[in-house]
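Here is a short briefing to read alongside your viewer. Take a moment to bring up the structure, and then we can walk through it together.

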Amino acid sequence: MSGSLEDTARTAARKPLLQAVRGEVAARPPVWIMRQAGRYLPEYREVREKAGDFLSLCYSPEFAAEVTLQPLRRFDLDAAILFADILLVPDALGQHVAFEKGEGPVLDPVTSADAIGRLSVDGIDKTLGPVYETVERVKAALPPEKTMIGFCGAPWTVATYMVAGRGTSDQAPARLLALSEPETFGRLIDMIVEASAHYLIRQFKAGADVVQIFESWALNIDEAFFARWIVEPTRRVIDTVRAEIPDAPIIGFPRGAGPLIPGYIKATGVNAVGLDYAVPLEFARREISPLACVQGNLDPLRVVAGGKQMLERTDEILSAFEGSPHIFNLGHGIVPQTPIAHVEALIEHVKGR
Ligand code: CP3
(Lines give C-alpha, C1' and ligand atoms only; values in the text may rest on other atoms or scores of the structure.)
Protein backbone atom coordinates (compact mmCIF):
# COMPACT_ATOMS: atom_id res chain seq x y z
CA MET A 1 0.00 0.00 0.00
CA SER A 2 2.69 2.47 1.00
CA GLY A 3 4.40 1.79 -2.33
CA SER A 4 1.36 2.90 -4.27
CA LEU A 5 1.01 6.01 -2.12
CA GLU A 6 4.62 6.92 -2.84
CA ASP A 7 3.96 6.34 -6.50
CA THR A 8 1.02 8.70 -6.32
CA ALA A 9 3.15 11.32 -4.59
CA ARG A 10 5.89 10.95 -7.20
CA THR A 11 3.40 11.27 -10.04
CA ALA A 12 1.91 14.36 -8.40
CA ALA A 13 5.34 15.89 -7.97
CA ARG A 14 5.88 15.78 -11.70
CA LYS A 15 2.57 17.39 -12.67
CA PRO A 16 2.45 21.15 -12.01
CA LEU A 17 -1.26 21.47 -12.76
CA LEU A 18 -2.23 18.67 -10.38
CA GLN A 19 0.02 20.23 -7.73
CA ALA A 20 -1.76 23.57 -8.12
CA VAL A 21 -5.17 21.90 -7.73
CA ARG A 22 -3.81 20.35 -4.52
CA GLY A 23 -2.89 23.81 -3.25
CA GLU A 24 0.75 24.30 -4.19
CA VAL A 25 2.08 27.59 -5.52
CA ALA A 26 4.19 27.56 -8.68
CA ALA A 27 6.57 30.29 -9.88
CA ARG A 28 4.59 30.39 -13.12
CA PRO A 29 1.05 29.09 -13.05
CA PRO A 30 0.21 25.99 -15.09
CA VAL A 31 -2.09 26.62 -18.05
CA TRP A 32 -4.90 24.94 -19.93
CA ILE A 33 -7.72 26.37 -22.02
CA MET A 34 -11.39 25.45 -21.80
CA ARG A 35 -12.43 23.89 -25.15
CA GLN A 36 -8.77 23.72 -26.12
CA ALA A 37 -9.60 20.97 -28.61
CA GLY A 38 -12.03 22.49 -31.02
CA ARG A 39 -12.99 24.25 -34.19
CA TYR A 40 -10.33 26.99 -34.05
CA LEU A 41 -7.78 24.25 -34.92
CA PRO A 42 -7.69 23.09 -38.59
CA GLU A 43 -6.45 19.65 -37.49
CA TYR A 44 -9.57 19.32 -35.30
CA ARG A 45 -11.85 20.23 -38.19
CA GLU A 46 -10.12 17.59 -40.30
CA VAL A 47 -10.66 14.76 -37.80
CA ARG A 48 -14.21 15.98 -37.10
CA GLU A 49 -14.90 15.68 -40.85
CA LYS A 50 -13.51 12.14 -40.94
CA ALA A 51 -15.52 11.07 -37.88
CA GLY A 52 -18.78 12.28 -39.40
CA ASP A 53 -21.03 13.75 -36.75
CA PHE A 54 -19.98 15.17 -33.39
CA LEU A 55 -21.27 12.25 -31.29
CA SER A 56 -19.40 9.73 -33.46
CA LEU A 57 -16.24 11.70 -32.74
CA CYS A 58 -16.95 11.59 -28.98
CA TYR A 59 -17.58 7.82 -29.09
CA SER A 60 -14.52 6.94 -31.18
CA PRO A 61 -11.60 6.35 -28.77
CA GLU A 62 -9.12 6.64 -31.64
CA PHE A 63 -10.39 9.98 -32.99
CA ALA A 64 -11.30 11.40 -29.57
CA ALA A 65 -7.83 10.63 -28.19
CA GLU A 66 -6.28 12.21 -31.28
CA VAL A 67 -8.19 15.51 -30.91
CA THR A 68 -7.55 15.52 -27.13
CA LEU A 69 -3.82 15.51 -27.83
CA GLN A 70 -3.81 17.97 -30.75
CA PRO A 71 -3.63 21.24 -28.76
CA LEU A 72 -0.66 19.93 -26.72
CA ARG A 73 1.34 19.45 -29.91
CA ARG A 74 0.90 23.11 -30.80
CA PHE A 75 1.04 24.85 -27.43
CA ASP A 76 2.95 24.49 -24.15
CA LEU A 77 -0.15 23.44 -22.18
CA ASP A 78 0.06 21.66 -18.84
CA ALA A 79 -3.00 19.48 -19.29
CA ALA A 80 -5.05 17.51 -21.76
CA ILE A 81 -8.83 17.54 -21.26
CA LEU A 82 -10.76 14.49 -22.35
CA PHE A 83 -12.59 15.13 -25.59
CA ALA A 84 -16.25 14.33 -24.94
CA ASP A 85 -19.34 16.35 -24.04
CA ILE A 86 -21.48 16.93 -20.96
CA LEU A 87 -24.50 15.66 -22.92
CA LEU A 88 -23.11 12.12 -23.24
CA VAL A 89 -24.64 11.45 -19.82
CA PRO A 90 -28.24 12.13 -20.95
CA ASP A 91 -27.49 10.05 -24.05
CA ALA A 92 -26.30 7.19 -21.81
CA LEU A 93 -29.41 7.53 -19.60
CA GLY A 94 -31.52 6.85 -22.69
CA GLN A 95 -32.56 10.32 -23.80
CA HIS A 96 -32.15 10.92 -27.53
CA VAL A 97 -29.37 13.49 -28.11
CA ALA A 98 -28.22 14.90 -31.45
CA PHE A 99 -25.96 17.74 -32.49
CA GLU A 100 -27.42 19.50 -35.48
CA LYS A 101 -25.19 21.59 -37.70
CA GLY A 102 -25.25 25.23 -36.65
CA GLU A 103 -27.93 24.54 -34.04
CA GLY A 104 -26.10 23.02 -31.10
CA PRO A 105 -27.54 20.12 -29.12
CA VAL A 106 -31.11 18.90 -29.65
CA LEU A 107 -32.68 16.45 -27.18
CA ASP A 108 -36.19 14.98 -26.77
CA PRO A 109 -37.32 17.10 -23.80
CA VAL A 110 -37.87 15.23 -20.52
CA THR A 111 -40.57 17.08 -18.59
CA SER A 112 -42.80 14.50 -16.90
CA ALA A 113 -42.46 11.79 -14.25
CA ASP A 114 -43.24 9.25 -16.99
CA ALA A 115 -40.44 10.48 -19.25
CA ILE A 116 -38.00 10.46 -16.32
CA GLY A 117 -39.17 6.93 -15.47
CA ARG A 118 -38.13 5.77 -18.93
CA LEU A 119 -34.50 6.78 -18.29
CA SER A 120 -32.13 4.46 -16.44
CA VAL A 121 -28.70 4.59 -14.84
CA ASP A 122 -28.23 0.83 -15.16
CA GLY A 123 -26.82 0.58 -18.66
CA ILE A 124 -24.73 3.76 -18.86
CA ASP A 125 -21.36 2.03 -19.19
CA LYS A 126 -22.51 0.39 -22.42
CA THR A 127 -22.72 3.87 -23.95
CA LEU A 128 -19.84 5.46 -22.05
CA GLY A 129 -17.34 2.60 -22.40
CA PRO A 130 -15.58 4.24 -25.38
CA VAL A 131 -15.01 7.39 -23.29
CA TYR A 132 -13.12 5.41 -20.64
CA GLU A 133 -11.03 3.93 -23.44
CA THR A 134 -10.26 7.45 -24.70
CA VAL A 135 -8.99 8.38 -21.22
CA GLU A 136 -6.75 5.28 -21.19
CA ARG A 137 -5.34 6.06 -24.62
CA VAL A 138 -4.62 9.70 -23.82
CA LYS A 139 -3.06 8.82 -20.47
CA ALA A 140 -0.75 6.30 -22.16
CA ALA A 141 0.39 8.90 -24.73
CA LEU A 142 0.79 11.80 -22.32
CA PRO A 143 4.23 12.86 -20.98
CA PRO A 144 4.41 12.38 -17.19
CA GLU A 145 4.47 16.11 -16.40
CA LYS A 146 1.13 16.67 -18.15
CA THR A 147 -2.12 16.37 -16.22
CA MET A 148 -5.05 14.39 -17.61
CA ILE A 149 -8.33 16.18 -16.91
CA GLY A 150 -11.64 14.30 -17.03
CA PHE A 151 -15.00 16.02 -16.67
CA CYS A 152 -18.76 15.91 -16.45
CA GLY A 153 -21.53 18.46 -16.45
CA ALA A 154 -22.94 19.37 -13.06
CA PRO A 155 -26.42 17.92 -12.43
CA TRP A 156 -28.26 21.26 -12.69
CA THR A 157 -26.58 22.26 -15.96
CA VAL A 158 -27.18 18.83 -17.52
CA ALA A 159 -30.82 18.99 -16.35
CA THR A 160 -31.32 22.38 -18.05
CA TYR A 161 -30.59 20.73 -21.42
CA MET A 162 -32.57 17.56 -20.62
CA VAL A 163 -35.71 19.50 -19.69
CA ALA A 164 -35.59 22.17 -22.41
CA GLY A 165 -34.31 19.82 -25.11
CA ARG A 166 -31.80 22.47 -26.20
CA GLY A 167 -29.66 25.32 -24.92
CA THR A 168 -31.63 28.27 -23.54
CA SER A 169 -30.56 31.76 -22.52
CA ASP A 170 -32.54 31.79 -19.26
CA GLN A 171 -33.00 28.08 -18.44
CA ALA A 172 -36.70 28.80 -17.88
CA PRO A 173 -38.05 25.31 -18.65
CA ALA A 174 -35.86 23.60 -16.01
CA ARG A 175 -36.32 26.43 -13.50
CA LEU A 176 -40.10 26.20 -13.85
CA LEU A 177 -40.13 22.42 -13.48
CA ALA A 178 -37.89 22.64 -10.38
CA LEU A 179 -40.15 25.28 -8.82
CA SER A 180 -43.52 23.76 -9.70
CA GLU A 181 -42.74 20.03 -9.40
CA PRO A 182 -39.70 19.76 -7.14
CA GLU A 183 -40.21 16.06 -6.44
CA THR A 184 -40.32 15.14 -10.11
CA PHE A 185 -37.37 17.39 -10.87
CA GLY A 186 -35.54 15.93 -7.84
CA ARG A 187 -35.87 12.43 -9.32
CA LEU A 188 -34.20 13.65 -12.50
CA ILE A 189 -31.42 15.32 -10.50
CA ASP A 190 -30.91 12.16 -8.39
CA MET A 191 -30.46 10.15 -11.55
CA ILE A 192 -27.92 12.60 -12.98
CA VAL A 193 -26.04 12.67 -9.64
CA GLU A 194 -25.74 8.90 -9.60
CA ALA A 195 -24.71 8.66 -13.26
CA SER A 196 -22.22 11.53 -13.02
CA ALA A 197 -20.52 10.20 -9.88
CA HIS A 198 -20.13 6.79 -11.50
CA TYR A 199 -18.89 8.40 -14.73
CA LEU A 200 -16.21 10.38 -12.85
CA ILE A 201 -15.10 7.37 -10.82
CA ARG A 202 -14.65 5.40 -14.04
CA GLN A 203 -12.67 8.30 -15.57
CA PHE A 204 -10.36 8.38 -12.52
CA LYS A 205 -9.90 4.61 -12.74
CA ALA A 206 -9.08 4.92 -16.44
CA GLY A 207 -6.33 7.45 -15.69
CA ALA A 208 -7.79 10.93 -15.12
CA ASP A 209 -5.62 12.87 -12.64
CA VAL A 210 -8.18 15.61 -11.98
CA VAL A 211 -11.80 16.16 -13.01
CA GLN A 212 -13.70 19.36 -13.67
CA ILE A 213 -17.43 19.68 -13.00
CA PHE A 214 -18.92 22.16 -15.51
CA GLU A 215 -21.77 24.19 -14.02
CA SER A 216 -22.21 26.44 -17.03
CA TRP A 217 -25.58 27.79 -15.86
CA ALA A 218 -24.98 28.82 -12.25
CA LEU A 219 -26.79 32.04 -13.10
CA ASN A 220 -30.34 33.38 -13.44
CA ILE A 221 -31.36 31.86 -10.09
CA ASP A 222 -31.78 32.99 -6.49
CA GLU A 223 -29.57 31.88 -3.63
CA ALA A 224 -32.05 29.36 -2.17
CA PHE A 225 -32.38 27.72 -5.59
CA PHE A 226 -28.58 27.75 -5.88
CA ALA A 227 -28.24 25.96 -2.52
CA ARG A 228 -30.80 23.29 -3.36
CA TRP A 229 -30.18 22.56 -7.02
CA ILE A 230 -26.52 23.47 -7.51
CA VAL A 231 -24.64 23.09 -4.24
CA GLU A 232 -26.45 20.01 -2.88
CA PRO A 233 -26.31 17.83 -6.02
CA THR A 234 -22.69 18.82 -6.65
CA ARG A 235 -21.76 17.96 -3.06
CA ARG A 236 -23.43 14.55 -3.48
CA VAL A 237 -21.51 13.85 -6.69
CA ILE A 238 -18.24 14.76 -4.96
CA ASP A 239 -19.01 12.78 -1.77
CA THR A 240 -19.86 9.71 -3.85
CA VAL A 241 -16.65 10.02 -5.88
CA ARG A 242 -14.51 10.49 -2.76
CA ALA A 243 -16.15 7.50 -1.01
CA GLU A 244 -14.49 5.44 -3.77
CA ILE A 245 -11.43 7.62 -4.49
CA PRO A 246 -10.45 9.47 -1.29
CA ASP A 247 -8.95 12.90 -1.91
CA ALA A 248 -9.98 12.85 -5.58
CA PRO A 249 -8.85 16.26 -6.93
CA ILE A 250 -11.83 18.19 -8.27
CA ILE A 251 -12.25 21.55 -10.01
CA GLY A 252 -15.70 23.17 -9.93
CA PHE A 253 -16.73 25.73 -12.56
CA PRO A 254 -19.88 27.49 -11.33
CA ARG A 255 -20.17 29.99 -14.17
CA GLY A 256 -22.00 33.13 -13.13
CA ALA A 257 -22.14 32.31 -9.40
CA GLY A 258 -20.19 35.47 -8.40
CA PRO A 259 -20.69 36.22 -4.69
CA LEU A 260 -22.01 32.68 -4.07
CA ILE A 261 -18.65 31.11 -5.01
CA PRO A 262 -17.08 31.12 -1.50
CA GLY A 263 -20.12 29.25 -0.09
CA TYR A 264 -20.05 26.85 -3.05
CA ILE A 265 -16.41 25.97 -2.32
CA LYS A 266 -17.01 25.38 1.40
CA ALA A 267 -20.17 23.31 0.91
CA THR A 268 -19.06 21.14 -2.02
CA GLY A 269 -15.42 20.52 -1.10
CA VAL A 270 -13.95 21.31 -4.52
CA ASN A 271 -10.15 21.77 -4.45
CA ALA A 272 -10.14 24.40 -7.15
CA VAL A 273 -12.64 26.72 -8.71
CA GLY A 274 -12.88 28.01 -12.27
CA LEU A 275 -13.81 31.68 -12.39
CA ASP A 276 -15.79 33.17 -15.24
CA TYR A 277 -14.46 36.46 -16.61
CA ALA A 278 -17.08 38.58 -14.82
CA VAL A 279 -15.64 37.73 -11.37
CA PRO A 280 -13.70 40.81 -10.19
CA LEU A 281 -10.05 40.04 -9.44
CA GLU A 282 -10.01 41.95 -6.16
CA PHE A 283 -13.03 39.98 -4.88
CA ALA A 284 -11.45 36.72 -6.06
CA ARG A 285 -8.13 37.52 -4.37
CA ARG A 286 -9.74 38.45 -1.08
CA GLU A 287 -12.70 36.05 -0.81
CA ILE A 288 -11.97 33.04 -3.04
CA SER A 289 -8.22 32.53 -3.24
CA PRO A 290 -7.85 31.78 0.53
CA LEU A 291 -10.37 28.92 0.15
CA ALA A 292 -9.22 27.09 -2.99
CA CYS A 293 -6.92 27.10 -5.98
CA VAL A 294 -8.36 29.54 -8.52
CA GLN A 295 -8.50 29.01 -12.23
CA GLY A 296 -8.94 32.27 -14.00
CA ASN A 297 -10.32 33.95 -15.98
CA LEU A 298 -9.47 35.79 -19.22
CA ASP A 299 -12.44 36.75 -21.41
CA PRO A 300 -12.22 34.49 -24.52
CA LEU A 301 -13.00 37.48 -26.76
CA ARG A 302 -9.78 39.12 -25.52
CA VAL A 303 -7.97 36.25 -27.25
CA VAL A 304 -9.94 36.81 -30.45
CA ALA A 305 -8.96 40.50 -30.40
CA GLY A 306 -5.40 39.74 -29.27
CA GLY A 307 -2.53 42.22 -28.88
CA LYS A 308 -1.84 44.59 -26.03
CA GLN A 309 -5.22 44.43 -24.26
CA MET A 310 -4.96 40.63 -24.07
CA LEU A 311 -1.47 40.69 -22.53
CA GLU A 312 -2.27 43.54 -20.14
CA ARG A 313 -5.36 41.81 -18.78
CA THR A 314 -3.37 38.56 -18.52
CA ASP A 315 -0.80 40.39 -16.38
CA GLU A 316 -3.56 41.72 -14.13
CA ILE A 317 -4.84 38.18 -13.60
CA LEU A 318 -1.35 36.78 -12.97
CA SER A 319 -0.56 39.56 -10.48
CA ALA A 320 -3.85 39.15 -8.61
CA PHE A 321 -3.07 35.53 -7.75
CA GLU A 322 0.70 35.72 -7.35
CA GLY A 323 1.78 33.78 -4.26
CA SER A 324 -1.37 31.65 -4.15
CA PRO A 325 -2.41 28.47 -5.97
CA HIS A 326 -3.42 29.47 -9.49
CA ILE A 327 -4.09 27.80 -12.81
CA PHE A 328 -4.27 30.16 -15.78
CA ASN A 329 -7.28 29.62 -18.06
CA LEU A 330 -9.98 31.50 -19.89
CA GLY A 331 -13.20 32.53 -18.17
CA HIS A 332 -15.20 30.31 -20.59
CA GLY A 333 -14.45 28.18 -23.65
CA ILE A 334 -12.24 29.43 -26.48
CA VAL A 335 -14.38 30.41 -29.49
CA PRO A 336 -14.04 29.04 -33.06
CA GLN A 337 -12.92 32.35 -34.62
CA THR A 338 -9.86 32.67 -32.33
CA PRO A 339 -6.61 33.18 -34.31
CA ILE A 340 -4.05 30.50 -33.43
CA ALA A 341 -1.27 33.12 -33.34
CA HIS A 342 -3.09 34.87 -30.47
CA VAL A 343 -3.24 31.63 -28.48
CA GLU A 344 0.50 31.15 -29.06
CA ALA A 345 1.25 34.68 -27.88
CA LEU A 346 -0.94 34.24 -24.81
CA ILE A 347 0.65 31.00 -23.67
CA GLU A 348 4.18 32.23 -24.33
CA HIS A 349 3.39 35.29 -22.26
CA VAL A 350 2.05 33.28 -19.29
CA LYS A 351 4.95 30.82 -19.44
CA GLY A 352 7.68 33.32 -20.07
CA ARG A 353 6.80 36.18 -17.82
O1 CP3 B 1 -11.62 20.77 -25.27
C2 CP3 B 1 -12.45 20.59 -24.35
O3 CP3 B 1 -12.75 21.47 -23.53
C4 CP3 B 1 -13.03 19.21 -24.14
C5 CP3 B 1 -14.26 18.91 -24.80
C6 CP3 B 1 -15.56 19.57 -24.40
C7 CP3 B 1 -16.59 19.82 -25.35
N8 CP3 B 1 -17.70 20.27 -24.70
C9 CP3 B 1 -16.47 19.60 -26.81
C10 CP3 B 1 -17.42 20.24 -27.71
C11 CP3 B 1 -16.07 19.97 -23.16
C12 CP3 B 1 -15.38 19.99 -21.80
C13 CP3 B 1 -17.43 20.39 -23.35
C14 CP3 B 1 -18.30 20.83 -22.26
C15 CP3 B 1 -19.65 21.32 -22.56
N16 CP3 B 1 -20.52 20.88 -23.53
C17 CP3 B 1 -20.31 22.31 -21.81
C18 CP3 B 1 -19.75 23.00 -20.59
C19 CP3 B 1 -18.80 24.10 -20.92
C20 CP3 B 1 -19.45 25.31 -21.51
O21 CP3 B 1 -19.12 25.62 -22.69
O22 CP3 B 1 -20.22 26.00 -20.83
C23 CP3 B 1 -21.59 22.49 -22.39
C24 CP3 B 1 -22.64 23.48 -21.93
C25 CP3 B 1 -21.70 21.57 -23.48
C26 CP3 B 1 -22.88 21.35 -24.36
C27 CP3 B 1 -22.57 21.69 -25.77
N28 CP3 B 1 -21.71 20.98 -26.57
C29 CP3 B 1 -23.10 22.76 -26.51
C30 CP3 B 1 -24.07 23.80 -25.99
C31 CP3 B 1 -22.54 22.68 -27.78
C32 CP3 B 1 -22.87 23.55 -28.98
C33 CP3 B 1 -22.20 24.85 -28.92
C34 CP3 B 1 -20.91 24.81 -29.69
O35 CP3 B 1 -19.88 25.29 -29.16
O36 CP3 B 1 -20.96 24.34 -30.83
C37 CP3 B 1 -21.64 21.57 -27.79
C38 CP3 B 1 -20.79 21.13 -28.93
C39 CP3 B 1 -19.34 20.91 -28.68
N40 CP3 B 1 -18.79 20.31 -27.58
C41 CP3 B 1 -18.27 21.24 -29.58
C42 CP3 B 1 -17.09 20.82 -28.99
C43 CP3 B 1 -15.70 20.90 -29.56
C44 CP3 B 1 -18.46 21.84 -30.97
C45 CP3 B 1 -19.05 20.79 -31.85
C46 CP3 B 1 -18.43 20.66 -33.23
O47 CP3 B 1 -17.24 20.31 -33.40
O48 CP3 B 1 -19.22 20.83 -34.18
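In this predicted model, Asp276 is buried but forms no salt bridge. Arg255 is the nearest side chain of opposite charge, and Arg255 sits 6.8 Å away, whereas a salt bridge would need the charged atoms within 4 Å. What does the side chain of Asp276 reach instead, at 2.8 Å? The partner is the backbone nitrogen of Gly256.

**Around Asp276**
- You will find Asp276 in the loop that links strand 7 to helix 14 (281-288).
- Leaving aside residues up to four places away in sequence, Asp276 touches Phe253, Pro254, Arg255, Gly256, Ala257, Asn297 and Gly331.

**Strand 7 and its neighbour**
- Strand 7 (residues 272-274) runs parallel to strand 8 (residues 293-298), and three bridges join the two.
- Within this pairing, Gly274 stands opposite Gln295 of strand 8.

**The sheet as a whole**
- Strands 7 and 8 belong to an open sheet of seven strands with parallel pairing, and the order reads 1-4-5-6-7-8-9.
- Strand 1 (79-81) and strand 9 (326-330) are the edge strands; each has a single partner strand, so one side of each has no neighbour in the sheet.
- From one strand to the next, the twist averages 25°.

**A helix across the sheet**
- Which strands does helix 12 (residues 223-244) lie across? Helix 12 crosses strand 5 (210-215) and strand 6 (250-254).
- Relative to strand 5, helix 12 runs at about 165°.

Methods:
Residues are numbered from 1 along each chain as its sequence is written. This is a predicted model: local features need pLDDT of at least 70, side-chain atom pairs count only at pLDDT 80 or more; totals for chains, interfaces and linings use all residues. Side-chain values use heavy atoms; hydrogens and water are left out. Two strands pair if DSSP finds at least two bridges between them. Helices (H or I, at least four residues) and strands (E, at least two) are DSSP runs, numbered from the N terminus. Axes are lines fitted to C-alpha atoms, for helices over the stretch in contact, and angles run from 0 to 180 degrees between N-to-C directions. Contact means heavy atoms within 4.5 Å. Buried means under 20% relative accessible area, exposed over 50%, partly exposed in between (1.4 Å probe, protein chains only). Lys and Arg count as positive and Asp and Glu as negative; His and the chain ends are not counted. A polar contact is a pair of N or O atoms within 3.5 Å; within protein, one must be able to donate a hydrogen and the other to accept it, and residues adjacent in sequence count only if both atoms are side-chain atoms.
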